[in-house]
Amino acid sequence: MLAIYTRLSRESEDSNSIENQIREGKQFAKDKGFEYKIYNEGEGISGGAEIKYRPQLEMMLADMTSGKITAVYTRKGERIARNVHTWYTFADLVKEKNIEVYYQGVLQQISTPDGTLFSRLLSDFNTYTIDKQSYLTKRSLLDNVLEGKAHGKSTPLGYKADAGGYIVIDETEKPIVEKIYEMCLDGKGSTTIKHYLNNNNVPTRYSKKEGTYKVKDRRTGIITNKNRKDVKWSDNQVQAILKNPMYKGKRKWNDQFVDCPAIFNELYWQKVQHQYNHNARTKNTGKKVDHKYLLKGLLECDQCNRNYYGRTRVNKRDNYYMCSSKRYKDLKCTNRAINIDVLDDIVWNVMYDDNLYHKIANSYKQGDVIKRRDQLKLKVSTHNKEIENLSKQHKRTIDLVLKGLVDESEITESKKRIARETLTLNEILEKDKEELRQISNENKILTEFKIDWGKGAKIEDANLADAINQRLTKKYRQVGFMPSYNEKKRLLQKYVKRIFINYNHIARVYSIRFCYNLPIKDEVHLVDANYIFTYDVTKDIFDETEFYPSNKFTDKKKQETVEKLRGFSVR
């Protein structure tokens, strides 16, 4: 089979579009009677990029290794690589598997000694070209900085690039910077300044841009789109402005300082720095009270997908979980806060219910777990391969340095990238392995669940049963299930993936949706705004919340609440 490899790089100087490359490759395959497979890398992919960043090339090399590909067509050799290491990998594979290589339909003698020498010299030259372009680009950037020009469109708040690209003071943003410095000099900390700016609708530099940006939840991995205009001032933004020497006329570029237009004279800037450090040292936040939030990190707003967070005071005047959007006045999420004690109690009772154990057991009997288990096995295998590839990349990078082909300084960014990607993949791998472990052993999971929740377990193995009972006796002292706060939190974090909160203002009903780290489906519980009853939608069972004394509400009010909750559930 013929591999047709296409790529249009950032550094390309010709006008050979991807469509033309594919059309020519197909025509060549037809003329020669080849079956073919297209490996289209697309546009904007540099020939100097590592194989890891060129998935189509990586796939083609894998197919060449397996023997699926016997010939390769590409417009030019530099389409394959402008990177010495990548080219050597490709050329060695061509020789090992006796694969034919065609440039614009012309057979290349890569496998012969002369062909090998010529192709490697050409690859070295292509690599030199990229390295030279990189050097000249960096040199040009430095020259622009020394000349007083902006780096692209990137300038700190209070500055902009004029028509000629030179950095000048932005008179519309300058007052914002001046206000920040003035407030700092008056003894205000970055948090106070941040709130002042947000409360007075002062736009950030980022919020002036159109469009959206992506935010990834560190715990769940869920990616959500946010509007740029919603970006608010943060402590870090204020601090970065206060500490930036550019405002005194000294622009930092790498390890040197270059003169630039100054908003403040150096004496004033130094005075603010002194006050900033003084504010940080003498910051008085009052006596810190360590409030514990059992459901921290588990709650999510079902309307805007922001986290719910806890807020309470010693006197309980504030005592609720609320959507984090409430921190910003102009965000429009209308989801309502919910009492901390009520929600903690609901969640704990749901998790301690015997019915949860039976749901897990039934999911195994019905075969619901098998599909998820197979999906997780494939994901774990894929993660391991990706981590192994990153390890190989790291070793190859080190080999290039040891062989003297590249300088160590040239691979610094590559090493950092590999380390970052490896760390991220390992985190994802551990989560998937944990979930796979959770569902792979029915007896173990069911037994472990019973042990964790203090319910005992009927085990045929007498020794195992005895060991479990001893553990339970020691853990719960045979006085009922009364775990500590930390034990409660551990159990919830282990078995609950996410809890979604949604409040219906018309019906005045909270919907609480449980998403488990267990092989069972999500389930919904309801509670009315007065916290009289909770309603298990699945089992059609009502429970009094015990939040208020039983005589606080009349029987009529209670009956109306029951009817409302049941009616709400069926809509």
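Q: Two strands pair if DSSP finds at least two bridges between them. Which strands form an open sheet here, and in what order?

A: The sheet has 3 strands in the order β13-β14-β15, and the pairing is antiparallel. This is a predicted model, where local features need pLDDT of at least 70, side-chain atom pairs count only at pLDDT 80 or more, and totals for chains, interfaces and linings use all residues. Residues are numbered from 1 along each chain as its sequence is written, and side-chain values use heavy atoms, leaving out hydrogens and water.

Q: How do you know that β13 pairs with β14, and β14 with β15?

A: Count the bridges. β13 and β14 share 5, while β14 and β15 share 2. The cut-off is at least two, so each of these counts as a pair. You can spot partners too: Gly310 sits opposite Tyr321 in β14, and Tyr320 sits opposite Asn339 in β15.

Q: What makes β13 and β15 the edge strands?

A: Each one pairs on one side only. As for the strand names, a strand is a DSSP run of E with at least two residues, a helix is a run of H or I with at least four, and the numbering starts at the N terminus.

Q: Why is Asp318 called buried?

A: Buried means under 20% relative accessible area, exposed means over 50%, and partly exposed is in between (1.4 Å probe, protein chains only). Asp318 has 11%, so it's buried. You'll find Asp318 in the loop between β13 (308-312) and β14 (319-323). Next door, β13 is mostly covered, with 4 of its 5 residues buried.

Q: What does Asp318 touch, not counting residues up to four places away in sequence?

A: Arg311, Thr312 and Arg313. A contact here means heavy atoms within 4.5 Å.

Q: Why does Ile340 count as buried?

A: Its relative accessibility is 4%, so Ile340 counts as buried. Ile340 belongs to helix α10 (residues 340-352). Leaving aside neighbours within four places in sequence, its contacts include Tyr293, Gly310 and Tyr320. Ile340 and Tyr320 are 20 residues apart in sequence, yet 4.6 Å apart in space, C-alpha to C-alpha.

Q: How do you know that Glu24 and Arg75 meet in a salt bridge?

A: A salt bridge needs a side-chain nitrogen of Lys or Arg within 4 Å of a carboxyl oxygen of Asp or Glu. For Glu24 and Arg75 the N to O value is 2.5 Å, and that makes a salt bridge. Glu24 lies in helix α1 (residues 18-32) and Arg75 in the loop between β3 (71-74) and α3 (77-80), so the pair ties together parts that are 51 residues apart in sequence.

Q: Are Glu24 and Arg75 buried or partly exposed?

A: One of each! Glu24 has 22% relative accessibility, so it counts as partly exposed. Arg75 has 10%, so it counts as buried.

Q: How many salt bridges turn up in the whole structure?

A: The search finds 17. Among them is Glu178 with Lys174, at 3.9 Å from N to O. Those two are 4 residues apart in helix α6 (residues 174-185), about one helical turn.

Q: What makes Lys433 and Glu430 partly exposed?

A: Lys433 has 38% relative accessibility, so it counts as partly exposed. Glu430 has 46% and gets that label as well. Their side chains meet in a salt bridge of 3.7 Å, N to O.

Q: Why is α7 called roughly perpendicular to α8?

A: Helix α7 (residues 190-199) and helix α8 (residues 235-243) pack at about 110°, with their axes 8 Å apart. That makes α7 roughly perpendicular to α8. The rule is: under 35 degrees is roughly parallel, over 145 roughly antiparallel, 65 to 115 roughly perpendicular, and the rest oblique. Axes are lines fitted to C-alpha atoms, for helices over the stretch in contact, and angles run from 0 to 180 degrees between N-to-C directions.

Q: How do α6 and α8 cross, and what classes of residue make up the contact?

A: Their axes come within 10 Å and cross at roughly 90°, so α6 is roughly perpendicular to α8. Val177, Ile180, Tyr181 and Cys184 of α6 meet Val238, Ile241 and Leu242 of α8. By class, that's 7 nonpolar, no polar and no charged residues. Nonpolar covers Ala, Val, Leu, Ile, Met, Phe, Trp, Tyr, Cys and Pro, charged covers Asp, Glu, Lys and Arg, and the others, Gly among them, are polar.
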